[in-house]
Every structure is written in structure tokens, then in C-alpha cells.
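Colleague: Before we discuss this structure, I should like to see it. Would you please show it to me?

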Amino acid sequence: MEAPQIGRSVHRKEGRAKVTGQALYVDDVAPAGLLHGVTVRSPTARGIIKGIHFHPTVDWDEFTIVTAADIPGVNRVKLILDDQPYLASDVVNHPEEPVLLIAHRDRARAEDARRRVTIDIEPLPAVFTIDDALARREIIWGEDNTFKRYRVNKGDVDAALAAAEIVVEGEYETGAQEQLYIEPNGMLAIADRAHGVTVWGSMQCPYYIHTALAALFGIPAQRIRVVQMETGGGFGGKEEYPSIIAGHTALLAWKSGRPVKMIYGRVEDMASTTKRHPSRTRHRTAVDRDGRLRAMDIDFIIDGGAYCTLSPVVLSRGTIHAAGPYSCPNVRVTGRAVATSAPPHGAFRGFGAPQSIFALERHMDRVAAAAGLSPEEFRRRNFISSGETLAVGQTIREPVNMPALLDRALALSHYREKRERFARENARGGKSRKGIGLASFMHGAGFTGSGEVHLRSLITVEVSREGAVRVLAASTEIGQGTNTIFSQIAADALGIDCDDIEVARPDTLDVPNSGPTVASRTCMVVGKLVETAARGIRHTLVDSGYLSVLYDREHFRAACERYVDAFGALRATSQYQPPSGVTWDDEQYVGDAYGTYAWAVYVAEVTVDLTTWETRVDDFVAVQEVGKVINPTLATGQIEGGVAQGIGWALYEDVVWREGRMANAQMTNYIMPTSMDLPSIRVYFEEVPYPNGPAGAKGIGELPMDGAAPAIFNAVADATGAHPTHLPLTPERLMSAMETIGA
Amino acid sequence: MQPFSYEKVTNEHEAIERARLGNATFVAGGTTLVDLMKLNVEVPAALVDINALPLNQIEDQSDGSIRIGALVRNGDLAQDSRIQSRYRVLSQAILAGASAQLRNMATTGGNLMQRTRCYYFRDPVYPCNKRQPGAGCAAMDGYNRIHAVLGVSDKCIATHPSDMAVALVALDASVHIRGANGERAVPITEFHLLPGDTPHRETVVRPGELITYVTLPSGPFGAHSAYVKLRDRASYEFALASAAVALQVEGTTVRSARVALGGVATKPWRALQAEQVLTGSTANTAAFRNAADAALTGAVSRRYNAYKIELAKRAIVRALTDALMD
């Protein structure tokens, strides 16, 4: 038996291939006869397409040109409401909407030709803000510009507010954020009537693309094949949009009869593909003289852009997380996703939760102040504990100890001592001010509500006669460590070494549908299936009598050989079953929203420069309970990366909109922090095993995105006395926040 | 990127003769040029590599000045002990720019010739008078948060991106240029041109001319100089506003002063009015603020860059304060 692999920082499975340049990304592949595809996009936010003009100086016969008329199946991206076309035909609904595709063997010629196509558009009135969408001066989607509404109701909020001694109101806004994966989007396709459609590319969710292409081409799903190439980061940005690029690339391949590749440049990727939903949240909170929450009335709105895409599920997660890890008898959350004339916003690490948690945690500091309590004491009095019920009616059954996380975070950050010292030093004046702030929060792992039940995820583990183990799943490695943790989980379940496990490349020809690689579900949900299937193999070998209870690698190999010789293939498949007692009512929107939650308290320490209004994060402490940690290095990396991305969202990354178009779609003017801008991020785990996760693990990927921004804003408020509410807090915004308090 | 020829030259004469043939561009560190070629903003038919020219020394001259070869790498210049002790502001300015790797490649001459970071200039999709005279300017009504408020024209509001050149302005540097007809020395303040109606003309260097040296006079500013750069993040970022200042102080009185600005003007900017305000004044925050106000007199902002006027003033005040405290 091998020593346990779980809990050890074993090396990243594909790390050697990546650092030696052997890993193949889609743009590394160039089959013979390849054409390069480009997209001609709408220059206008909204309007009627009157005509398309091809400049006469170009010999267009050399090019493959695809319009909506060339689509063999349904011109709608299959997702939730299927409202987004692959190619606009009559109307355009946002800037950069794809209208036409061009391919040529010479990439530069294709690029040049793109600029020699003019789309004539008769403009229609457009909508660019949440307020204008709500005001319905122009209806751009459905009957009322609203993609989805949710209403969570617990107790009697109105009565509690009316009776309250202290009511605190606040309004908070968050901006869009670009995922900025290192590798831009790209796809390669070979497609014809005889062989069907095959695409290779950068993606998170092979089966999303698989389903989408079958509908686009109107051919049976078994004639579609989707293969994930090495993928340089996703963060949600390669969740739904790659279906469109795969569709475009395949349409060009289908029409030309040649392999076609489409690689987005950085500007195109930033301007055209999805970003984090901008949001506005209003809070009205009642609290009693003892600092106990009496009522929370929360209005949470996200801007979905021009098409519905994933907005309903982003909204759902944001709505459920909007009241945080607190116990409150009366809670109402109204969630709305509205339409504007911008490219659709989409999946991004956290998926709506960072937006509503930012508002809540900034607001909690203000409520604490109104109740005459420190931020930490106020939270301590209101933390939810096991046996209590969340706003959606979910009773927390797992052990949860937020006060212990809080104590640990306060101690590690020297919070109390620093808060006192900074107040003293700030009073003396000088060119800068220091502050410290915290945020406490939770993040549900896996799909929301009944999502996992509907997905019915499936994985297979197979073992060869030589004892080589392969894990077959559609879950993608996008830099976060899927290959490595699946190997660790399978290795421990089989009692062998990680090196003897291979995780198959996601290729829909080979791997079953284990669901999308999203929602912090890969480790906890799919990893559990890997564990179950691998255990099944082990039991089969033991039950067959070929393997004793105690064994080494050679025994294992010998047992596999004897089993395969006797019975044939050795495979085990595992399918998702909801943990017992977990129920969700889609209609009433009540029940167990998530199988479990990760819990966390983050503390940020900042310096604000009073000359330049720059905010610098000096120290960051991240304490979280995520169940069993499978791979400490990878888990720490997830937290550090999420906090860094949260710091970018909080302070630097400002998407500037001009009539629905991103005006700063370049890395020179969309400012993301560098390592020089980041503090040391100190990461600590509490490990409380979760019975339904592999070896007790929960989800981890999204959690760290939630806590950085509110902790930083609370620290800036502590440093300056200002009440910043609008994210990102660029120097310009802090300057105006300071002007409003007369500083 | 378009196809181009490449050749190496080994002496100045050869370089100048080759460049006179037309449509050739000198390449030294390549840190700006190669990027712009990849973006199809620069499309030279020929690259003439001058890295083998013997212009990579920093030499003390008999008159007390110092002569810097055009091929001295930015990193070497910033780390030179004479520069660090006598021209500290120059060392600070260089180290505030780019990254260590870029500074190890970028040269003194190339830094002076570097082109604007205006996003519209760098993306051929947009009209740009600098790239294509008469095409129009996308920055005027575009996202012009990084653009200039001083030295602007109705044809161009692109900033000059250099940190090094701002310090050279504060140090009264001269640029030596050699052509077929010999060598001339140009004061740094006259080296870069205002955009006016011809924003595509950025310097006084004519086709076939080569920058050979930059000289720094021995000045009275060794004791009190400073560079302050304000930017959107701590590294790998161009200035939103920067100030290079040098002071000659007797007791508490400013005898003479140099104030130069970066990130806010269409060329490395000397703020003469600020220097006049400072000269003879008592060195204190009030005088520094008056000087800063004077420096930004006449600034013209557009939709997104009005904040730069106040930011530049604060950079000046902080730089003067830092310089005084040395």
C-alpha cells in the first residue's frame, strides 16, 4: 500500500510538459491546408442591418465567407433560454456582435479583409445602464428588459423594519471585470457532411460545446467531437463563450471543406467576450440595541448585457449569498438580472456571489458602527451556527464555527493592536493613513439548487491489464489542478501512487459527461465520483480474490492482469447522487441551495496616500474552512490567485464603457495588478472534513474571490473615515469619496 | 508584422550612409520598435542594427560634464556610480520605468526616440494623425484618460512616454546628432517637437541622422534632485504624471531650480514658469504649491484626463519636498 497522496503537495501532473514547452495549445497546431478565420462584428450597439458591403479592391473569391444564411441548424447558442444568435442576421443588439465570418489561408489577408467589410446599420435606441434598463424607456429584451427575477423571503421583513430601533441603508455598485486568462480564446475545426464536426480548443466545458454544436448543425450528437487542448486559464471566461467560437470555426470549416482555426487577439477577446456582471445592491438593515440583526432587506441587480446567456444562474448564486453567513429572523432578497446593450456578461469566478457579498460586507461595517459595535464584535453576535437556517430555508447541518475563524484571522493579522495603533498614528497627520478591515463570508460549492441533480454527472475509471489506471472525465485542467487532484484522489482510493494514474484528455469521444468545470465543483462533486469509482475497482479486485486486503504496487498489477484475463475490461463508472436529505424546490426557490459551504474570514491592511489617493494593500490574511485540503500547494495557489484577482477587482480593474463598448480593451489601459502591487497573501486552512466530498474536501476555486474587495474597502474606510461604495476604488473615486466627507 | 531586411553596421559612417538610402530604421535595444512592428504601426523595409557601434561608454569630460554614448543601456546608466551621485534624478527616473529586463536592453538614444503609448496610435484600426497625417485623432473624443494636458494641439494629445528624458530636461542635457554633414548638439528641450499640425514629426532627427551621445553639464544640482512618478500600478506602467526636479538651495532660499514634467505633456516638458516662481523664494510647501500651480497654467484637459492637472501639481510638490530633504 502506498502512503496517502491526499494532503501532500505532489507535483502538478502536466507541469513538466508546460514548463518545457511540450504542452500543446490550440495555436500550436496547424494541419495542412489550414485556413484562418476572423469575425466581422457590429460597430453599433443596437440597430437594423440594412446591408453588408464588400470593398471592391479585395478579390473575395479567395475567401470563405459565412453569414447567418449558411447555418445548417438553429442560429441560437444552446444554453438556458437560447436567445443569442451565432451570427446576427436582421438586427444587432450589442457592439461587437458577430455578423459575418471570413477565412483565408493567409492570416494577415483574413485580418485585412475583415476591415474591408462594412455593415450598414440603421441605429435603434439602446440602453446602457441598469437604471435605464429598469426605467424601460426602451424595451430591448422581452417585455420589461428583465431576464430573471428571484425573491427570497424569510419572516416578516416589513414588520421588523417598522418596529426597528436602528435602520441602516446603503447602496453599493461593482463594475465589470475581465477574466484575463493568459491564453486568449481559440478553436480549430474540421467539419463536413461526411464526417461530422470536430473541434479542438481552449475551453472549460467540452459538453457545453458538444450540445451547442449539435443544435447549430442540426446533426446527431454522436457526430460531434470536442477535444480540449491545453488551456491557459479560464476563470469562467471559457465557460460559455467558447461555444460561439467553436460554432464559428466549425461553420467556416463546414463551408470551406478545410481545417479552420480562429485565434482571438487580446483586444478582440477583451472587447467581445464575457466579463463579470456589473451590479448594484441596496440594503436596508434593522438591528437592535444589542447589535443583533432583526431584518435584512436586500435589492440585488445585475447587468446581464444584451442576451440572457447565464445571467439567471449568476443571479441565483448572487441572490443566495446576498445575506451572508449571518443568522437573521427576517430576510428579503429581491434579485433581478436586466438587459443592456452591451456584450453579454457571463461566468467569472464567484458567479454573482462576489458582487452581493461585497455590498453586504461593506454594509455590515456601517451597521456595526450604527449599533456602536466594532466590525468584529458585531459580526460575532450575528454569525450563523449549526442548526440555524439561512434565508432560503436551508438549515446548516455541518459543523460551522465562524467565531473560531474570526479569532484566528484577528490573531494572525494582529488586527486589534493594529487598529488601535493606526488610529493613533493617523491622528498625528502625515502624508498617508493606514487602516485594517475584515470580511466574513461563505461560498456554496457545486451547482446551485437542483443543478447537480439535473446534471447527473458521470465519470469512469478504467484499469488496463498492466495495471495502468485512467480517469475519464470531461472536467478540464485549466491551470487550477484538476489532473493532479484527480490523480491523488484515485491513487488513495486504489492504494497506489499518483504517478500510476493517468487523467485522460477531455475528448467527448472518450470521456463521459462529468459536467462543466465551473462552480467550485470539480474537486468536491466530480472528485467524489472519482473516489467512488476507484474504490469500486479496488472492491472488485478484492472481491474477485485477486487482491488481498494489504498489497503493494506489484500485487496490484498482478491482480489487474489476472482480473482482465479472467473477466475482460476492468472499468467502474460513478454517477452523481444527491447526499441524503438534500432537497431543493425550484418553484418556491427554497431548500438546500448547496450541499455545503466553505467559510472564511479575510483581513486586509492598507495604506492610503493622501497626495495621490492611491491605496496599497500591505498585508492580507486569508483564513478559510474548506474541508480536507487535497494538495496544499495547489489550494494555497487558488487562494492567493483569487485574492490577487479580488485586489485587482477592488482597486485597479476598471472597464470603461462607451455606448456599450469596452473603451479600454487593451492590457495597457485596463490595469491589472502586477506582483509589485500585491502584498504577501497569508493563507491558512481549517480542515473540517465534509462527509460528501472526496476524503472530506469541499470546493475552493471561487471562495477567495469573495472576500478581498470588501475587506479592502473596510480597511480604506478605517484609514480615511470615507465611505467608499463603488468598486473599483481608483484614486479618482477615492478622491471624490473623500470630498463628500469634506476631507 | 510585414517582411523586412536586416543588416548590421559596424561604424557610424556606414550607419549613416545606409540610412540615407531611405526607408531604413536603426534598431538598437528594439524594445519599442519591435513591438510597434508586430502591431503593424512601424513597417520599415530595412532594419539597420547599430548595436556594434562603439557608443556604449559613459565618459567624464575635461570640462566636468559627462558624455553618455547613445548605446549605453538604460540599466547600466541608472546603476553608474557617477550618475547615481551627481545626477541622481536621472538614475531614479530610469529605474521608475519599464522592468529590469527592458532596461537591460533599452538604450539612451532609443529611449529618446520611443514613441507614444497612446492606444489609438498603437492600434491601426483607429485613425491617428501621428501614424497617418490627416487621418484624424481617435483620442480627442475617445478614452483619453492617459493623454496630455500640456503642449496639445487639435491634431494630437498623445503624451511622450519617457521617464529618462524628463530627468534629462531637468539636467539641461544636450543630444548629439550626426549626419552626412557632420555633428550638431541640440539642447534636450529643443530635441522633441510639439505636435502642432504635424504630430508625425516628433524630433529634430532627420532621415539619415544618428544620435551619438547625450551630454550632461556639471551643474549645481547634485545635492537636491528627485523624480516622482505616479502611475496606475507599482511596476511596468507608464506615468500618469511625473516630475523631475532639481534645486540649488542656500540656507532656506532657492537659488535656482529645474522642474520638468512627464506623462502630462506631448513632449518631455520643462516648466519654466514654475522655475521662475521658485527662484529666490523660501523653500517651503507654499512656494512649492505656487510653483506647481504655475507649471500647469494653460493646461487643457479633455473628458477623462482633467484629474491629471491636480495630479501633476501634487507630483511636483512631492518631488520638490523629496529633493529638499536629501
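Modeller: Domain bounds come from an automatic or database domain assignment. The model before us is predicted.

Colleague: Into which domains is chain A divided?

Modeller: The bounds for chain A combine separate stretches of the chain. Domain 1 takes 15–23 + 457–575. The other two are domain 2 (31–124 + 189–263) and domain 3 (279–448 + 587–740).

Colleague: What distance separates the centres of domain 2 and domain 3 of chain A?

Modeller: The centres of these two domains of chain A are taken over C-alpha atoms. On that basis, the separation between domain 2 and domain 3 of chain A is 37 Å.

Colleague: How much area do domain 2 and domain 3 of chain A bury between them?

Modeller: The size of an interface is often given as the accessible area lost when the parts come together. For domain 2 and domain 3 of chain A, carbon and sulfur atoms account for 60% of the buried area. The area itself is about 1600 Å².

Colleague: Which residue of chain A forms a salt bridge with Arg661(A)?

Modeller: Between domain 2 and domain 3 of chain A the count is one salt bridge. A salt bridge requires a side-chain nitrogen of Lys or Arg within 4 Å of a carboxyl oxygen of Asp or Glu. For Arg661(A), the closest N and O atoms are 2.8 Å apart, and the partner is Glu96(A).

Colleague: How many residue pairs are in polar contact between domain 2 and domain 3 of chain A?

Modeller: Both residues of each counted pair are at pLDDT 80 or more. Between domain 2 and domain 3 of chain A, the pairs in polar contact number seven.

Colleague: Which strands stand at the edges of the sheet β4-β2-β6 in chain A?

Modeller: This sheet of chain A is open and has three strands with antiparallel pairing. Strand β2 (residues 47–54) pairs with β4(A) over two bridges, and Gly47(A) has Val92(A) as its bridge partner in β4(A). Each edge strand has a single partner, so one side of each is left without a neighbour in the sheet; these strands of chain A are β4 (91–92) and β6 (117–123).

Colleague: Which strands stand at the edges of the sheet in chain B?

Modeller: The open sheet of chain B has four strands in the order β9-β10-β11-β12, with antiparallel pairing. β9(B) pairs with strand β10 (residues 241–250) of chain B over seven bridges, and the partner of His224(B) in β10(B) is Leu247(B). With a single partner strand each, the edge strands have one side left without a neighbour in the sheet; in chain B they are β9 (224–230) and β12 (269–270).

Colleague: Which three residues supply 29% of the area that chain B buries against chain A?

Modeller: The two chains bury about 2100 Å² between them, with 50% given by carbon and sulfur atoms. On the side of chain B, the 29% share is more than that of any other three residues, and those that supply it are Tyr143(B), Arg233(B) and Arg318(B).

Colleague: Which helix of chain B gives the most to the side that touches chain A?

Modeller: The rule finds two salt bridges across this interface of chain B and chain A. Glu732(A) forms a salt bridge with Arg145(B), with the closest N and O atoms 2.9 Å apart. The helix that gives the most to the side of chain B touching chain A contributes five residues, and it is α12 (residues 307–325).

Methods
Residues numbered from 1 in each chain as written. Chains lettered and ligands numbered in written order. Predicted model: local features only at pLDDT ≥ 70, side-chain atom pairs only at ≥ 80, totals over all residues. Heavy atoms only, no water. Buried area = accessible area lost by both parts, 1.4 Å probe. Pairing = 2+ DSSP bridges. Polar contact = N/O pair within 3.5 Å; in protein donor to acceptor, adjacent residues only side chain to side chain.
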